[in-house]
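Colleague: I would like to go through the charged side-chain pairs with you, and to hear the reasoning behind each label.

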Amino acid sequence: LALFLTASLLLTMVPGAAFGQDPGLEPPAYDESYYATLDYYGGVTESSVVKSYRLNGAGGSIVDYGSYDDIINMTDFTSPAIGGDNVTFTFADQAPDRFYFEGKTTAPFELLPWKLDVSYKLNGVPAKAEELAGEKGLVEIIIDAMPNPDAPEYYRNNLVLQAATVLDNDKILSVEAPGAQVQTLGNIKAVLFMAFPGEEQHFTLRIGSDDFSFAGMTFLMVPA
């Protein structure tokens with residue numbers, strides 16, 4: 001079986017945008033999330049911000065403030081007009097009730113409130129992730145979550161870190177996850193680690209198998 005150790009980061013962030021608005025209508029509302037795909041060791045390979053707008057009858061355009069490497073309209077065929085640090089979507093017809101777009105950028109990765117470093121052992125011996133697929137024995141996945149002093153103060157003081165995965169009980173011999181919440185759901189075992197704002201943590205997941213495979217970890221950094 002193939003070995004998949006890519007991870008996802010979800011970070012709820014504070015957005016910026018401007019709208020044309022009828023004062024008699026409810027103000028527009030929107031949010032954004034930052035997603036990153038990581039390599040086996042915690043380094044970013046690609047990432048983007050996805051923004052979701054509920055326009056509530058706002059005018060025919062949106063001005064979003066942000067700098068992106070690439071922009072993907074996820075709602076319709078309206079092309080963005082890019083000018084410096086802002087992006088404008090002007091709708092030819094009536095603006096949609098909900099509008100989504102993705103902005104490719106790795107810049108927020110350096111502002112995350114934790115830096116993640118992932119390493120591996122096979123039967124107690126340091127190993128490369130790329131060489132673990134199909135191995136027999138005890139695989140250890142060690143995640144070092146270190147607070148990032150360069151992250152914005154709000155993120156450092158208000159976001160919690162969750163690290164989660166699910167395992168198929170029919171395909172493993174054992175699982176150990178010291179300090180984690182472990183739940184069995186039928187033939188699925190769910191593992192959840194957590195770190196509180198500003199907290200340094202070192203998570204270890206040990207999986208015994210005679211044919212090792214792994215679906216990956218999902219990391220979430222979200223308001224407490």
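Modeller: A salt bridge here is a side-chain nitrogen of Lys or Arg within 4 Å of a carboxyl oxygen of Asp or Glu; please keep in mind that this is a predicted model.

Colleague: What makes R206 and E140 a salt bridge?

Modeller: Their side chains meet at 3.4 Å, N to O, and because the cut-off is 4 Å, the pair qualifies. R206 lies in strand β17 (residues 201-209) and E140 in strand β12 (residues 137-147), so the pair ties together parts that are 66 residues apart in sequence.

Colleague: Why is E140 called buried, and why is R206 called partly exposed?

Modeller: Buried means under 20% relative accessible area; E140 has 13% and is therefore buried, whereas R206, with 22%, falls between that limit and the 50% above which a residue is exposed, so R206 is partly exposed.

Colleague: How do you know that K104 forms a salt bridge with E102?

Modeller: The closest N and O atoms of K104 and E102 are 3.2 Å apart, which is within 4 Å, so the rule is met. E102 is buried at 15% relative accessibility, while K104, at 29%, counts as partly exposed.

Colleague: Why is the contact between K115 and E110 called a salt bridge?

Modeller: The N to O distance is 3.9 Å, and the pair is therefore counted, since the limit is 4 Å. K115 is partly exposed with a relative accessible area of 42%, and E110 is partly exposed with 49%.

Colleague: How many salt bridges does this rule give?

Modeller: The count comes to 6 salt bridges.

How values were computed
Residues numbered from 1 in each chain as written. Predicted model: local features only at pLDDT ≥ 70, side-chain atom pairs only at ≥ 80, totals over all residues. Heavy atoms only, no water. Buried < 20%, exposed > 50% of the residue type's maximum accessible area, 1.4 Å probe, protein only. Helix = DSSP H or I, 4+ residues; strand = E, 2+ residues; numbered from the N terminus.
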